[in-house]
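Notebook open, structure loaded. I want to look up a few spots one by one and jot down what turns up.

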Amino acid sequence: MELLEDRIRQDGVVKDDGVLKVDSFLNHQLDIELLDACGEEFKRLFGDALITKILTIEASGIGIACGVARCFGVPVVFAKKAQSINLDGDAYVTRIQSYTHGRIFDVIVSKKYIGPEDHILIIDDFLANGCALDGLIDICQHAGASIEGIGVAIEKGFQPGGRSLRERGFRLESLAIIEGMDPETGAVEFRSRIKP
Ligand code: 5GP
């Protein structure tokens, strides 16, 4: 998606640990017009699927998920980072390794908000190794819900998560796929795509 790629080139900050900071428009301050445009693009990409809920993970997936949910006219459910003290039988629980913080944490989704009748579109801001998305997939599978697709704003194509999910047969669409980033120059190289 050209608009997102241009914004990453303009305002993204490449760190030397393989992390792209997008705090000025996606991860801290939110550009709502851009999020709405991303939502419309996901609607174009997944518009043929029956979607009843958008599932994401707190906190950085919530903004983009809201843009998508508005276009589909369905609610957003976000997986919450849980203290083990909160865990009871009313929630699906899964364990995720955090890419940016390096530690493992539990996330939960209440059984009230996802069930076997649901058709889920999973949305997140970034895809790197795929641990966050694996956790969300695990929750959907425990709930017996159908996963109609996975939408990611920024996929780091030089990390293995995207390839692995596609090989497993998931319908994965990423709005911008980064092939390489240079922390010295700040340059970001995108995978070229066939224009619709
Ligand atoms: P994964 O679980 O696929 O390894 O990493 C994805 C998660 O880690 C996303 O939910 C996102 O919050 C975070 N993440 C991974 N890579 C980056 C990055 O380069 N920049 C930012 N801002 N977050 C990232």
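My entries below go through one acidic residue, one strand, one helix and the loop after that helix.

**Entry 1: D125**

Note to self before starting: this is a predicted model. I began with D125, which I found in strand β7, residues 119–127. Which side chain of opposite charge is nearest to D125? I get K81, at 9.2 Å. D125 is buried and has no salt bridge, so I noted the cut-off too: a salt bridge needs the nitrogen and the carboxyl oxygen within 4 Å.

Next I checked what the side chain of D125 does make polar contacts with. I found the side chain of N27 at 2.9 Å and the side chain of S60 at 3.0 Å. I then listed contacts, skipping neighbours within four places in sequence: L26, N27, S60, G61, I64, V152, A153 and I154.

**Entry 2: strand β6**

How many of the 7 residues of β6 are buried? I count 5 in this strand, residues 104–110, so β6 is largely enclosed by the rest of the structure.

I looked up its partners as well. Strand β5 (residues 91–97) runs antiparallel to β6 and is joined to it by 7 bridges; on that side I see I96 opposite F105. Strand β4 (residues 76–81) is also antiparallel to β6, with 2 bridges, and there K80 has I108 as its bridge partner.

I also checked the hairpin of β5 and β6. It has 6 residues between the strands, and G102 takes a positive phi there, near 75 degrees.

**Entry 3: helix α4**

I moved on to α4, residues 62–72, and wrote down its buried residues: G63, I64, A65, G67, V68, A69 and F72. What do they pack against? My list reads α3 (32–46), β3 (53–57), β4, β7 and β8 (146–156). I64 is one of these buried residues, and I had already met I64 among the contacts of D125.

Just after α4 comes G73, and I noted its positive phi, near 70 degrees.

**Entry 4: V74**

Last stop: V74, in the loop between α4 and β4. Buried or exposed? I get 15% relative accessibility, so V74 counts as buried, the cut-off being under 20%.

I listed the contacts of V74, again without neighbours within four places in sequence: I51, T52, K53, I54 and A69. For T52 I also took the C-alpha to C-alpha distance from V74, which is 5.9 Å across 22 residues of sequence. A69 I had down already as a buried residue of α4.

Note on methods. Residues numbered from 1 in each chain as written. Predicted model: local features only at pLDDT ≥ 70, side-chain atom pairs only at ≥ 80, totals over all residues. Heavy atoms only, no water. Helix = DSSP H or I, 4+ residues; strand = E, 2+ residues; numbered from the N terminus. Buried < 20%, exposed > 50% of the residue type's maximum accessible area, 1.4 Å probe, protein only. Lys, Arg positive; Asp, Glu negative; His and termini not counted. Polar contact = N/O pair within 3.5 Å; in protein donor to acceptor, adjacent residues only side chain to side chain. Contact = heavy atoms within 4.5 Å. Pairing = 2+ DSSP bridges.
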